[in-house]
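Here are a few notes to go with the model below. Have a look at the whole chain before getting into the details.

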Amino acid sequence: MAERGQATVELVAALPVLLLTGLVALQLLAAGYAMTLADGAAEAGALALASGESATDAARAALPGWAEDDVSVRVEGGTVSVRLRPPSPIPALSERLTVSSSAAARPAR
């Protein structure tokens, strides 16, 4: 009879670890997705720059709506750099996982 309820106790003890592991996994997936988005935005900005259009507008247009407040675009010479903060329920963690990407462009001939 001493083993009665043992599985419940073990589940209650393991539940926080399982939830934390799930949160970390989802946060890493969000950071990877943000990196993919930053790459695409930098490339879109570089293509716009090469064709004489606004690189900043093109890079921002290549991102989904949630990223509007979490992105910074910098254009220096022929290089477009995009920094993107991934979504996160923990803002301090999101800051530390900020990703960046850049793409270079040559003017059209």
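1. Let's start with the sheet, keeping in mind that this is a predicted model. Strand E1 and strand E2 (residues 79-84) run antiparallel, and 6 bridges join them. If you want a spot to look at, find Glu-76, which stands opposite Thr-79 in E2.

2. Now zoom out to the full sheet. It's an open one of 3 strands, in the order E1-E2-E3, and the pairing is antiparallel. Strand E1 (71-76) and strand E3 (99-104) are the edge strands, each pairing on one side only. From one strand to the next, the twist averages 15 degrees.

3. What lies across E1, E2 and E3? That's helix H1 (residues 6-50), which runs at about 25 degrees to E3.

4. As for the overall makeup, the protein chain has 3 helices and 3 strands. Follow the sequence along and you get the pattern α-α-β-β-α-β.

5. The overall dimensions deserve a look too. The C-alpha atoms fill a box of roughly 85 × 20 × 20 Å along the principal axes. The radius of gyration is 21 Å, whereas a compact globule of 109 residues would come in near 13 Å.

6. How much of the protein chain is buried? Buried residues make up 27% of the 109 residues. The chain exposes about 7,400 Å², with carbon and sulfur atoms supplying 60% of that area.

7. Last, the contacts. Taking those in the protein chain with a separation of 6 or more, 47% are between residues 24 or more positions apart.

Terms used:
Residues numbered from 1 in each chain as written. Predicted model: local features only at pLDDT ≥ 70, side-chain atom pairs only at ≥ 80, totals over all residues. Heavy atoms only, no water. Pairing = 2+ DSSP bridges. Helix = DSSP H or I, 4+ residues; strand = E, 2+ residues; numbered from the N terminus. Axes fitted to C-alpha atoms, helices over the stretch in contact; angles between N-to-C directions. Contact = heavy atoms within 4.5 Å. Rg over C-alpha atoms; globule rule 2.2 N^0.38 Å. Buried < 20%, exposed > 50% of the residue type's maximum accessible area, 1.4 Å probe, protein only. Areas by Shrake-Rupley, 256 points an atom, 1.4 Å probe, with all protein chains shown as cover.
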